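Please open the model in a viewer and keep the selection panel at hand. The tour below proceeds stop by stop.

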Amino acid sequence: MTAPTLPGLEPAPTPVAPRPGSRAARMALPRSIDVLKEIAAEYGVCVRPLAMRRTDLNTGLTEVIDLPCGATREDKCAPCAKKNRRLRQAQIREGWHRDDEPLPPPEPATEEQKALVLLRGHLEFSRDEASRASQWDQVTDLDEAIQEVEEAIAAEGLRGRVAPQHSTDDEDQGEEDSGRRRKRSTRRRQDAPDLPRRKVERRTVGKTYAAPDGSTYRPSMWLTLTLDSYGPVRPDGTPVNPARYDYRRAAWDAVHFPRLLDRFWQNLRRCEGWNVQYAGCVEPQRRLAPHAHFAIRGTIPRDVLRTVAAATYHQVWWPSVDVQRYTLDRPPIWDEQAAAWVDPDTRAPLNTWSEALDTIDDDPDAEPVHVVRFGAQVDARGVMPGTEDAERTIRYVTKYITKHTGDVHKIISGRQRAHLDRLWQELQVTPCTDRCANWLLYGVQPKGSHAKLKPGRCKGKAHQRDTLGIGGRRILISRDWSGKTLSDHKHDVRAWVRALLGVSVGLDGVEDQGATVKPVRHAWELARPDDPDVPAMAHRLLRSISERARWRSELLAAKDRAAQLPQTGSRTEADGATGERL
Ligand SMILES: [Zn+2]
Ligand SMILES: [Zn+2]
């Protein structure tokens, strides 16, 4: 028997459709602007395009053209971030297993070029003599002559400057930034003395192995480098004993991790004797410390990788941060007269960066303020080109590059939040560079000090909560990896699509340089969203989506036609590529 229901408390018949026309009914409908953005993302159309006004300098006609924003993080623009990731994947794929050198070595210098460099040498000698004799009018003349020769050298087709420019009268800047080089005693060497040292050959391509049946193969590698332990952690990445977890070292290690990686590659190349190439990324581990994954071209014995990692370190010779002499409430102040940061009470100027480093150099017992090393965990394995394993690895390397460092691991529990906050607290007071405004709290004027610094409130990325101290680049690709820049790869993708479609106009509505036969001169300027000739954002998105949808179906049709044709010399890149690659 069922209990009698009280009047007015009958269970409501479910589900109740909201009254048509009511607010609830309206709210249940998807917002059309969200649907528009969703479709834009589906078609790979940038959702925050930059409106650029292009003026044809011959006719004076102007046109507003949308350029993709080019964001690399998903939260800004998912289509652009994904496009960027695909380009990175193409870049890694192309360099990883290649069996030829990506760039031919430079041509030998001509006699003319050598003669010009010699002349530049004579002028340098004369300038030095004149400068010692304080014949400043001569120095000025010689500087002009040097400038001319430098221009002639560039015109002769040599890359880069022969030597840096001489600093002019700007004395105080000259001494610190471009002037004398700081000498380090050999005690403070940064190289790894225990490793073998070979001359590094120009070669960047790995070794080829021959199987007993005569076939050859050229495997490549996959490497993960981690930092040391700061104390035991639980499976969720939080410390077992937060009070004893070494947050200070964790923060300093994170800030200096990129330098440690540089040293690793330098040591590895010297130890192996060839110009080892890599492409990889820096990501946070669950414990929020950075680690790095790398694709390496060619193979290197695992023992060697381990030995080099164990021997590699980076010393930070910075002033001490043991004593914080000032606080955010009582910071040093800028003295306009002295053009220096001074003590708020005594008005005595703080040590300059140079002075602080001199003190360290003069102290025979000085220790580096920090030393970074890798942890014991070094994972390395071989990867065969063209396998699913290779593709999976590329996807793995690029998995998180569209996210902020802080968003890679979900912070769900209070314990995880406390861990992140504690690390962030430490990162806020850790100096990020030699120009960091936080140095002022430790009683040192950072390099290149000026009035606008905010003591203890440096804007550097390393101090922000969502970087976890990883303030610099997260994608690390060596110079001779694929021999191409990211925009070269972008160009490749476009060229491939163009070839397939048989069109010659640029795909983003912009003619590619070099693709046009007759040079059309254009002036570009950024258009403001409220300029009268800029259509509403929604209109621009709708147009782009329609355009993209048409391209996509044309592209698919072209691919079908190409597939039906007997094997022509089609590009291998067509495999697995769809309209998505645009
Ligand atoms: Zn975008
Ligand atoms: Zn800073």
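**A cysteine at the metal site**

Select C458 to begin: with a relative accessibility of 18%, this residue counts as buried, a class reserved for values under 20% relative accessible area, as against exposed at over 50% and partly exposed in between (1.4 Å probe, protein chains only). The model is predicted, so local features need pLDDT of at least 70 and side-chain atom pairs count only at pLDDT 80 or more, while totals for chains, interfaces and linings use all residues. Residues are numbered from 1 along each chain as its sequence is written, chains are lettered from A and ligands numbered from 1 in the order in which they are written, and side-chain values use heavy atoms, with hydrogens and water left out.

Next, display the zinc ion (ligand 2). Which protein atoms serve as its donors? They are C432 (SG), C436 (SG), C458 (SG) and H463 (NE2), at 2.1 to 2.3 Å from the ion. Donors are N, O and S atoms within 2.8 Å of the metal (3.2 Å for Na, K and Ca); water is not among the atoms, so sites may look incomplete. The angles subtended by the four donor atoms run from 106 to 116 degrees, which makes the arrangement tetrahedral; for four donors, that term requires all angles to lie between 85 and 135 degrees. The ideal angle for four tetrahedral donors is 109.5 degrees.

Along the sequence, the spacing of the donor residues is C-x3-C-x21-C-x4-H. C432 and C458 both lie in the loop between α11 (414-429) and β12 (475-477), so the pair ties together parts that are 26 residues apart in sequence. Helices (H or I, at least four residues) and strands (E, at least two) are DSSP runs, numbered from the N terminus. C432 is also buried, at 16% relative accessibility.

**Strand β7 and the loop before it**

Move to H293, in strand β7 (residues 290-296). Is H293 buried or exposed? Its relative accessible area is 4%, so H293 is buried. Its side chain makes a polar contact with the side chain of T224 at 3.1 Å; such a contact is a pair of N or O atoms within 3.5 Å, where within protein one must be able to donate a hydrogen and the other to accept it, and residues adjacent in sequence count only if both atoms are side-chain atoms. Beyond four places in sequence, the residues in contact with H293 (heavy atoms within 4.5 Å) include W222, L223, A279, C281 and Y396.

Now select L288, in the loop between β6 (278-284) and β7. L288 has a positive phi, near 75 degrees, without being a glycine, and is buried at 6% relative accessible area. Most residues other than glycine have a negative phi. A339, in the loop between β9 (333-335) and β10, is another non-glycine residue with a positive phi, of about 50 degrees.

**Helix α13**

Select residues 537-564, which form helix α13. Its 28 residues reach 41 Å from first C-alpha to last, close to the 40 Å expected at 1.5 Å a residue, a span calculated as 1.5 Å times one less than the number of residues. Among its buried residues are L541, I545, R548, W551 and L555.

**Confidence**

Finally, colour by pLDDT, the predictor's confidence in each residue, from 0 to 100. The protein chain averages 79, and 84% of the residues score at least 70. Helix α6 (residues 171-178) has the lowest mean among the elements, 37, and strand β10 (residues 340-342) the highest, 94. Values stay under 50 over residues 168-180 and over residues 568-582. Where pLDDT is low, the predicted coordinates should not be read in detail.

Technical notes: Tetrahedral: all angles 85-135°; square planar, octahedral: opposite > 155°, others 65-115°.
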